[in-house]
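User: Could you take a close look at the nonpolar core in this one? I'd like to know what builds it and how it sits with the contact between the chains.

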Amino acid sequence: MSILATLLPLAEQLEQTALGTALAESTYAFPIIEGLHLIGLSVALGLLFITDLRLAGVILKRVPASVVLQQLLPWVLGGFVVILVTGGLLFVAEASSMLSNPAFAFKLVFIAIAAINAAYFEFVIARRPGALESSPQLPANVRMAGVTSLVMWGLVVICGRLIPYLPAWT
Amino acid sequence: MSVAAVLAFLQDSAIAHSISKSNHLVGAGLQVLHVIGFITLLASLVLVGLRLLGLALKNQPVAEIVKDANRLLYVGLSLVTTSGLLMFVASARMYYYKTAFELKMLLFVVAVVLQFALLRRLVERTESAPPALVRTVLGISLAVWFGIGFTGRMIGFT
């Protein structure tokens, strides 16, 4: 793959930076960052799944969807900062093997789809009058956005956990 | 029976062999279920925690939140225990002698006792329970669950 061929030297440079080598050579840094990544994602994605399940009409049906969104999203975004920073550090330490890992590539694809879905929900669907009115059953496109988010982030978690188990692209 | 004999018995059982002698993706699948269960479990605890600490959904009745959070709690607990037991049985001798695993199991027992012996009762009577006590137990409980995630992640590195 030609894209891989262009990116691999860059990834190797990234690994050889002071930060990259420090992370790779330390006995504790890598597992500690992995641990923080897991804790960050269990808070951020956990609360995001709750929000998605509310939009889909599965739980918290008597709490207005607008309240759930407004109250939980700051915590979701806070958790995302932790995931992003720790995820970035993990990437720097193993950039070249990540680039050639199919699970990592799929993980990025699903993150992109989830981000597009979130942006479409935030800027189009949720802006329509009455979209999040306090009723147990929300409009079909709102429920769909919730289900899409749930499935996409679920796939992100699955791909992330599969990274060490899948062989590299050849 | 000695500990070593029990571990050997578990690891050589038919169910252990059906996991350990199959494709390595079966083990990976169990890891995936384990992490999804953990996220579900933590989602429930963090939601109740935010509500009881008054950090989110302040105007919603506690009972309402707790009822739905409990559904997630049981789904999460079932997933982590089932997948966890299967992973343990498949490599009992490897897990049993790891410090991170021992620590994780110790924290897990503490977390479950805190949850079902103390926190559940305090949550049921939030009006009469002293808020400082509820907050303390909640804080300890969340810290212990984070510790379980953390030590769990360490197992593969030690």
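Analyst: Sure. The largest nonpolar core in this predicted model has 67 residues, and those with the most contacts inside it are A:Leu47, B:Ile39, B:Leu42, B:Ala43 and B:Leu47. Both chains feed this core: helix 3, helix 4, helix 6 (102-125) and helix 7 of chain A each give two or more residues, and so do helix 3 (24-52), helix 4 (62-90), helix 6 (99-124) and helix 7 (131-155) of chain B.

Let's zoom in on A:Leu47. Setting aside neighbours within four places in sequence, A:Leu47 is in contact with A:Leu72, A:Trp75 and A:Val76 in its own chain, and with B:Ala43, B:Val46 and B:Leu47 across in chain B.

Now the contact between the chains. Here 26 residues of chain A are in contact with 26 residues of chain B. On the chain A side, helix 3 (29-55), helix 4 (65-93) and helix 7 (140-162) each supply at least two residues, with the largest share, 13 residues, coming from helix 3 of chain A. By class, that side has 19 nonpolar, four polar and three charged residues.

As for chain B itself, there are seven helices and zero strands. Its C-alpha atoms fill a box of roughly 55 × 30 × 25 Å along the principal axes, and 32% of its 158 residues count as buried. If you look at contacts in chain B with a separation of 6 or more, 77% of them come from residues 24 or more positions apart.

Key
Residues numbered from 1 in each chain as written. Chains lettered and ligands numbered in written order. Predicted model: local features only at pLDDT ≥ 70, side-chain atom pairs only at ≥ 80, totals over all residues. Helix = DSSP H or I, 4+ residues; strand = E, 2+ residues; numbered from the N terminus. Buried ≥ 20, exposed ≤ 12 C-beta atoms within 10 Å, placed from the backbone. Contact = placed C-beta atoms within 7 Å. Nonpolar A, V, L, I, M, F, W, Y, C, P; charged D, E, K, R; others polar. Core = buried A, V, L, I, M, F, W, Y, C linked by C-beta atoms within 7 Å.
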